[in-house]
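Trainee: Could you take me through one part of this model up close? I'd like to look at the salt bridges and what sits around them.

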Amino acid sequence: MKLFQLEFFYNKDTTLKEKLFRIIVLLCLFNLNAQVKLRIEPGVLLETDSENLGILLNIEPKVKFSENTIIGLRLGIAVNPQKFKIDNSAQFFIDDLDDNGIISFVPTFDYYLNENNYRPYIGLGLGYYLFNDIDISSRNDSVEILRGSVNNQVGFLLRGGLELGNTRFGLEYNFIPKADIKIPNDQIIGTVDNSYLGLSIGFTIGNRKGLEKS
């Protein structure tokens, strides 16, 4: 799994915008191959503890495997999906609940139920989910800022929806096991629920020949 933690993709000191830009550049290179089509899916999270809007963006190169099946590699980013639980809130608290994000690399398999212009589909995937560090404040004599870390996780994607021509409406659930929050002395101070549910609308960029029925 360490293979996914190359500096180009993932650096805990870079912002979500910088990470997103790197993903877009990489997938534009994928789209140079005529047999690989690129789908972009912006969306919103349907369940979040943040006061701000939770959003997601999936960028996915896809290849037609058969008349009804498509395989792909989904590179996604979700903003404000995490739900935190601090065991001792009298001693520790999170500075900014609206500053969290998840980056995912998920191989996918989609099955279309027919070959018409109105095509319901179901899909699944299994991949790797990467998390940012968290700023934890400790209530001592003076407030001390600590860096809380969460181990990256393997997660499962389940999705479905309807494709109308070149537009796709989808609902997805990313199941990711809960993880411990650790501070630099390896003390566990809480847990974080990383699973998230999202609603998206997708578009294919470029020639759709490789994804259309023969």
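Mentor: Here is a walk through the salt bridges, with a bit of the setting first and a few spots elsewhere at the end.

Keep in mind that this is a predicted model. The protein chain has 1 helix and 14 strands, and 45% of its 214 residues count as buried. Take the contacts with a separation of 6 or more: 64% of them are between residues 24 or more positions apart. The accessible surface is about 11,000 Å², with 59% of that belonging to carbon and sulfur atoms.

Now to the part you asked about. The structure holds 9 salt bridges, and E41, E60, K62, D110, R159 and R168 are linked in a network of them. A good place to start is K62. Its side chain meets that of E60 in a salt bridge, at 3.2 Å from N to O. K62 also forms a salt bridge with D110, and there the closest N and O atoms are 3.0 Å apart. That second pair links distant parts of the chain, since K62 is in strand β2 (residues 55-64) and D110 is in strand β6, 48 residues apart.

What about burial? The cut-off to hold on to is 20% relative accessible area, because a residue under that value counts as buried. E60 has a relative accessible area of 1%, so it is buried. K62 is at 1% relative accessibility and therefore counts as buried too. D110 is at 0%, so it is buried as well. If you click through these three in the viewer, you are looking at charged side chains that are paired up and buried.

Next, swing over to R74, whose side chain meets that of E172 in a salt bridge of 3.1 Å, N to O. R74 lies in strand β3 (residues 69-79) and E172 in strand β11 (residues 167-175), so this pair ties together parts that are 98 residues apart in sequence. R74 is buried, with a relative accessible area of 0%. E172 has 3% relative accessibility, so it counts as buried.

A handy residue for connecting these pieces is T108, placed in strand β6. With a relative accessible area of 5%, T108 is buried. Leave aside its neighbours within four places in sequence, and T108 is in contact with E60, I70, I71, G72, L73, R74, L124, G125, L157 and R159. That list includes E60 and R159, both members of the network. It also includes R74, the partner of E172. So, because T108 is buried, you would want to peel away the surface view to see those contacts.

While you're there, have a look at K37 in strand β1 (residues 37-45). K37 counts as buried, at 5% relative accessibility. Its C-alpha atom is separated from that of K64 by 8.9 Å, with the two positions 27 residues apart along the chain counted as their spacing.

For contrast, go out to the surface. D95, D96, D99 and D135 form a negative surface patch. One of them, D95, lies in the loop between β5 (92-94) and β6 (101-112). D95 is at 39% relative accessibility, so it counts as partly exposed.

Another loop worth a click is the one between β12 (179-182) and β13 (188-193), where Q187 is found. Q187 counts as partly exposed, at 33% relative accessibility. Not counting residues up to four places away in sequence, Q187 touches F92, I181 and K182. Q187 and G148 are 39 residues apart in sequence, and their C-alpha atoms are 9.7 Å apart in space. D186 lies in that loop between β12 and β13 too, with a phi near 70 degrees, a positive value in a residue other than glycine. D186 is exposed, with a relative accessible area of 58%.

If you're checking backbone torsions, N80 is another non-glycine residue with a positive phi, near 65 degrees. N80 lies in the loop between β3 and β4 (83-86). N80 is buried, with a relative accessible area of 3%, whereas D186 is exposed.

Technical notes. Residues numbered from 1 in each chain as written. Predicted model: local features only at pLDDT ≥ 70, side-chain atom pairs only at ≥ 80, totals over all residues. Heavy atoms only, no water. Helix = DSSP H or I, 4+ residues; strand = E, 2+ residues; numbered from the N terminus. Buried < 20%, exposed > 50% of the residue type's maximum accessible area, 1.4 Å probe, protein only. Contact = heavy atoms within 4.5 Å. Areas by Shrake-Rupley, 256 points an atom, 1.4 Å probe, with all protein chains shown as cover. Patch = residues over 30% accessible without salt bridge, like charges linked within 9 Å, V, L, I, M, F, W, Y side chains within 5 Å. Salt bridge = Lys/Arg side-chain N within 4 Å of Asp/Glu carboxyl O. Lys, Arg positive; Asp, Glu negative; His and termini not counted. Charge placed at Lys NZ, Arg CZ, Asp CG, Glu CD.
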